[in-house]
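Welcome! Here are a few exercises to help you find your way around a new structure. Have a look at it, then work through each solution at your own pace.

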Amino acid sequence: MMPMAAFSPRGESRAPWDRVLVTGGAGFLGSHLCTRLLDAGAEVDCLDNLSTGRAEKVAHLAGRPGFRFLERDISRPGGAGALSGPYDLVLHLAGPASPGARPDRPVEALDAGSLGTRTALAVAGRDGARFLLASSPPVGPRPRGHAPDDADPVGPHRACAEAVRFAEALVAAHAGAHGSNAGIVRLFAGYGPGMRADGGGTPAALIEQALAGRPVTVPGDGGGRHPLCYVDDMVDGVLLVAAGRSVRPVDIGGDEEPTVAEIARLVIELTGSDSPLVFVRDPEEGSVPPRPVTGFAREIFGWLPSVTWQDGLERTVAAFRGRREPFPAPGGQTTDGRAGEEWCA
């Protein structure tokens, strides 16, 4: 279960994989993973159907040796045969993210969690590769003192929740029944350069509001907390888990939990914006968002987040200033929003 001792995900050593498949690789986290893997000496096939990912996120990798972009849908028939490999590692990010989701694309979410995960597992099994599912917290926000309601598969926002549950169950079943080298990493509240602002998440939406001079809106009294995890730390965690053989789900998330109001005030300060801070109705008032339990990641894999939320926010604001590009209309999704506000979140 221990990771390879010689492997350091920050680039001090070579990656223990020669060739890697990253599904959902043109999303926020996927693009960062592709970059880090190439920097560590691995060849990378980045697969994305671009229904929600964006080709420009990996455009800077197009000329690099060992990088190949494949515009395909992992959920479609024949997907495994189109991926020649052979791969040493399959990172499966092309699936639904948060169970507390907008039901924008319920069928696509269920297909991604079922057919897409099955195809990605088949590719890994064919090549004897390590397989890692990038998943999300098992339940969404819930009222204080109440257990999660996992019994109703047709209730509001359940398509993504059921897709996540099925994908994790499928990975665990493969590991148990077939001895597959397959694992699960659950990602909480990732943020950083390249994240989308149109998913309504924190802190991207707040940064975009401030840069545009619009009111920076905070739900409720602004006391809701977010276990923010900077994307570089999240990539570290994913690759450390990938380099091990753990089947047990591993939580990767921040150990700092600033309030939304604290995040919003720092955003206004960092952007130099004159935007007012406006408190609005909180549709999830009284709910408790899931928190990562990172003891396993720390004790077994030696993972520790190194970027404070203030430093990470400063880097993210700088990146948003640099790009200032138009975003898709609100309601868009991404292939790997597990890392933050996107996809089904």
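**Exercise 1: A buried pair**

Glu 168 has a relative accessibility of 11% and counts as buried, where buried means under 20% relative accessible area, exposed over 50% and partly exposed in between (1.4 Å probe, protein chains only). Before going on, note that this is a predicted model, in which local features need pLDDT of at least 70, side-chain atom pairs count only at pLDDT 80 or more, and totals for chains, interfaces and linings use all residues. Residues are numbered from 1 along each chain as its sequence is written, and side-chain values use heavy atoms, with hydrogens and water left out.

Task: find the residue with which Glu 168 forms a salt bridge, and place both in the chain.

Solution.
- Step 1: The partner is Arg 186, with the closest N and O atoms 2.6 Å apart. A salt bridge is a side-chain nitrogen of Lys or Arg within 4 Å of a carboxyl oxygen of Asp or Glu.
- Step 2: Arg 186 is buried too, at 16% relative accessible area.
- Step 3: Glu 168 sits in helix α3 (residues 158–178) and Arg 186 in strand β7 (residues 182–187), 18 residues apart. Helices (H or I, at least four residues) and strands (E, at least two) are DSSP runs, numbered from the N terminus.

**Exercise 2: Two more bridges**

Task: for the salt bridge between Arg 36 and Asp 232, say which parts of the chain are linked; then look at Arg 291 and Glu 257.

Solution.
- Step 1: The side chains of Arg 36 and Asp 232 meet at 4.0 Å, N to O. This pair joins helix α1 (residues 28–39) to helix α5, across 196 residues.
- Step 2: Arg 36 is buried at 14%, whereas Asp 232 is partly exposed at 24%.
- Step 3: Arg 291 and Glu 257 form a salt bridge at 2.7 Å, N to O. Arg 291 lies in the loop between β13 (287–288) and α7 (295–301), and Glu 257 in the loop between β11 (250–252) and α6 (260–271).
- Step 4: Both residues are partly exposed, Arg 291 at 31% and Glu 257 at 26%.

**Exercise 3: The nonpolar core**

Task: how many residues does the largest nonpolar core have, and which helix gives the most to this core?

Solution.
- Step 1: A nonpolar core is a set of buried Ala, Val, Leu, Ile, Met, Phe, Trp, Tyr and Cys residues joined through side-chain atoms within 4.5 Å.
- Step 2: The largest has 63 residues, and Trp 17 and Leu 29 are among those with the most contacts inside it.
- Step 3: Helix α5 (residues 231–242) gives the most, with 8 residues.
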